[in-house]
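Here's a quick tour for anyone meeting this structure for the first time. Take a look at the picture, then read on.

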Amino acid sequence: MERYAWKARILPGKKEEYVRRHDEIWQEMLDVLKEAGIKNYTIWNVGDELFGYYECEKGIEYAAKVQSESPVVDRWNEYMKDVMVMDMDPVTGAQPLLEQVFFLE
């Protein structure tokens with residue numbers, strides 16, 4: 001199983017709204033994540049920083065493909081852009097892949 005991590009920032013004064021939107025995440029968004037083979041998805045927060053982690057049952061490439069082709073994900077990203085900022089890799093147009101430097105199983 002491949003693991004994936006991402007980071008982003010909550011915009012000033014938007015933490016409560018960010019949390020509320022995830023408390024009320026759309027069922028269709030959850031369905032896309034499941035279709036992508038994403039499991040054990042967790043998001044942490046400290047200050048204005050967000051750190052997300054999930055495991056990809058079908059691999060990172062498959063998870064990325066399903067998400068990039070989904071109009072639901074496009075709508076979710078549009079919905080979230082007023083509460084958070086996620087820097088994208090200018091070459092790939094995707095979230096920068098974080099380099100794993102330690103793992104203990």
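What follows goes through the sheet, the core, the pocket and a few single residues.

One thing to know up front: this is a predicted model.

**The sheet**

Let's start with the strands. Four of them make an open sheet in the order β2-β3-β1-β4, and the pairing is antiparallel. At the edges sit β2 and β4 (84-85), each of which pairs on one side only. Strand β1 (residues 2-10) runs antiparallel to strand β3 (residues 49-56), and 8 bridges join the two. If you want a landmark there, find Lys 7, which stands opposite Phe 51 in β3.

On to β2 and β3, which also pair in the antiparallel sense, over 7 bridges. Together they form a hairpin with 2 residues between the strands. Gly 47 is in that turn, with a positive phi of about 55 degrees. Val 46 stands opposite Glu 49 in β3.

**The core**

Which residues touch the most other members of the largest nonpolar core? They are Trp 6, Tyr 18, Leu 50 and Met 84, out of 21 residues in that core. Several elements chip in: β1, α2, β3, α3 and α4 each supply at least two residues. In soluble globular proteins, nonpolar side chains tend to be buried together.

Trp 6 is worth a click. Leaving out residues up to four places away in sequence, Trp 6 touches a long list, including Tyr 18, Leu 50 and Met 84. Tyr 41, Met 86 and Gln 95 are also among the residues that Trp 6 touches.

**The pocket**

How can you tell where there's room left? Rolling a probe the size of a water molecule over the atoms shows where empty space is left. The largest pocket here has a volume of about 1,200 Å³. It is lined by 39 residues, and the closest to its centre are Tyr 41, Gln 67, Asn 77, Met 86 and Gln 95. Two or more lining residues come from each of β1, α1 (15-23), α2 (27-35), β2, β3, α3 (60-68) and α4 (71-80). By class, the lining has 26 nonpolar, 9 polar and 4 charged residues.

**Three residues up close**

Here are three residues side by side, with contacts that leave aside neighbours within four places in sequence.

| Residue | Element | Relative accessibility | Contacts |
|---|---|---|---|
| Trp 44 | strand β2 | 46% | Glu 49, Leu 50, Phe 51, Tyr 53 |
| Ile 60 | helix α3 | 23% | Glu 2, Arg 3, Tyr 4 |
| Gln 67 | helix α3 | 17% | Leu 33, Ile 38, Tyr 54, Val 73 |

Is Gln 67 buried or exposed? Gln 67 counts as buried because its relative accessibility is 17%, and buried means under 20%. Ile 60, in the same helix α3, counts as partly exposed because its value is 23%. Trp 44 counts as partly exposed too, at 46%.

Distances along the chain and through space can tell quite separate stories. Ile 60 and Tyr 4 are 56 residues apart in sequence, yet their C-alpha atoms are 7.0 Å apart. Trp 44 and Asp 74 are 30 residues apart along the chain, and their C-alpha atoms are separated by 22 Å.

Key: Residues are numbered from 1 along each chain as its sequence is written. This is a predicted model: local features need pLDDT of at least 70, side-chain atom pairs count only at pLDDT 80 or more; totals for chains, interfaces and linings use all residues. Side-chain values use heavy atoms; hydrogens and water are left out. Helices (H or I, at least four residues) and strands (E, at least two) are DSSP runs, numbered from the N terminus. Buried means under 20% relative accessible area, exposed over 50%, partly exposed in between (1.4 Å probe, protein chains only). Contact means heavy atoms within 4.5 Å. Two strands pair if DSSP finds at least two bridges between them. On a 1 Å grid over the protein atoms alone, a cavity is a set of points where a 1.4 Å probe fits but cannot get out, and a pocket is an open set with protein on both sides within 12 Å along at least five of seven lines; lining residues have an atom within 4 Å of a point. Grid points are joined across faces, edges and corners, and a volume is the space filled by probe spheres set on the points. Ala, Val, Leu, Ile, Met, Phe, Trp, Tyr, Cys and Pro count as nonpolar, Asp, Glu, Lys and Arg as charged, and the others, Gly among them, as polar. A nonpolar core is a set of buried Ala, Val, Leu, Ile, Met, Phe, Trp, Tyr and Cys residues joined through side-chain atoms within 4.5 Å.
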